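Visitor: Could you take me closely through one charged site and the contacts around it? I would like to follow the side chains one by one.

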Amino acid sequence: MTSTATVTPIAHRAAPTAPGALPLLGHWPRFGRRPYRFLSTLSAVGPVVRVRIPGYDTYVVTDPELVREAFVALSDQGLMIERAEALLGEGVTVLQGQRHRRERRMIAPAFAKARIARYAAVMTRLGAERAASWRNGDFLAVNEQMHDLALRTVAGSLFTGELGSETAEHIHRLLPPVMTLLSRRVTRPAWIDRLPLPGNRRFDRLVVEMKAATGTIIAAYRAELAADPDLDHGDLLDTLLKARDESGGALTDSQVHDELINFLVGGTEAIGATLAWVFHELGQNPEVEAALHAEVDAVLRADGGTDVRAAEFGDLAELEVTKRIVLETLRKYSPWLTVRHVPTRYTLGDVEIPGGSMLFVCPVAVHRDPAVYPDPQRFDPDRWLPERMADLSKGAHIPFGMGARQCPGNVFALTEIALQVATICARWRLRPVPGIPVRETVIGALVHPEKLLMRAEAR
């Protein structure tokens, strides 16, 4: 006698739709006004939630395990990131498919450990110069100070020498206004970009001027390398010019320019915001600040004396408290949006997602979900002790993304933030100014402090 087993097919379901949609406008009013606060409410609706945004078929992933699955399985970013091509060109941030994989492999040597150690000298020098520029009792706009420090650091790592300094200063003048204009462009209908508006014309002029600035130094480096192929400037531009793919192909001048701009944007906005939030949290959490000061005093003060030096690359192994503070800051103030394009019908968990959809992940919502991080608003660097991290899902901490789209400069960023925080904190306490609230604001894909005024107190 034989028996047959009945196999029940797995039932896939449609994602629940977020509540509160309006006729025609859908969820756009809530999303457009306070995007990450709206997205932070969706974990209560389900692990995958449909959001109605006019013009897009959009789904939001809230569960860390499904976030990890989506990031590993999907790499293309779709229409929203393509709107940034006007500035970012065909850099690795924007490229899709095989071209993205090719250029990502080509730029990887720029972020090898030996190169990071060389960039660390720039990070250390500029962090020390910033600390030396303050005076006891100064009132500092810390968000502006840290944005400026981050921009100077990434520019100093990109370009060296006298011409490099001139280019860095030029870029330093151009990047803030062009980024302000870009953040407006990517969140409005595309047809507005084609109108002869003053803001559009100014944006176009700034992009042309930026390309001319990088074009001058690219041509100079190429001429120097043609004269001496063994020359090594020790900077990111040098590495990009020497990069080769599997068949020996090099990056064109246009591709090198686009990668430089991608590094400048990523290395300025994210690092500058994170540095500012570190000092805000230290000002709010004196016990954490005391632990950090004890560590930097032990590492950076000679024999416990009064002389203090700047933090260097070789100190990172001893700066464990500093690194945990950086990780906790990245948890609490990470990007508010990462996008994936779903090219064909895709099943995530038990939810069927139609082809052509956009998949949203809100890292800051995942990082502030009490089901993932107990008491998520509490600033607790000890979350990152090894024993407490053991059961944390790999999709639960994603400030740099994951999978093929993970930020290639993540080690650069972690190194810079740790070295500059340690260097500054060895000399200064930054005190909150009573009566001036610090509010979160969205600029681009990041959560920034709107204004962060603090008073410098010499240690």
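Guide: In this predicted model, Asp 297 is partly exposed, because its relative accessible area is 22%, and a value between 20% and 50% falls in that class. The side chain of Asp 297 forms a salt bridge with that of Arg 459, with an N to O distance of 2.8 Å. This pair joins distant parts of the chain, since Asp 297 belongs to helix α13 while Arg 459 sits in the segment after β11 (453–458), 162 residues apart. Arg 459 also counts as partly exposed, at 31% relative accessibility.

A second arginine approaches the same acid: the side chain of Arg 301 makes a polar contact with the side chain of Asp 297 at 2.9 Å. Arg 301 lies in the loop between α13 (286–300) and α14 (320–332), and it is buried, with a relative accessible area of 16%, which is under the 20% cut-off. The side chain of Arg 301 also reaches the backbone oxygen of Ala 426, at 2.9 Å.

Helix α14, at the far end of that loop, takes part in another salt bridge, in which the side chains of Lys 332 and Glu 281 meet at 3.0 Å, N to O. Because Lys 332 lies in helix α14 and Glu 281 in helix α12, this pair ties together parts that are 51 residues apart in sequence. Both partners count as buried, Lys 332 at 7% relative accessibility and Glu 281 at 3%. A search of the whole structure finds 29 salt bridges.

Notes: Residues numbered from 1 in each chain as written. Predicted model: local features only at pLDDT ≥ 70, side-chain atom pairs only at ≥ 80, totals over all residues. Heavy atoms only, no water. Helix = DSSP H or I, 4+ residues; strand = E, 2+ residues; numbered from the N terminus. Buried < 20%, exposed > 50% of the residue type's maximum accessible area, 1.4 Å probe, protein only. Polar contact = N/O pair within 3.5 Å; in protein donor to acceptor, adjacent residues only side chain to side chain. Salt bridge = Lys/Arg side-chain N within 4 Å of Asp/Glu carboxyl O.
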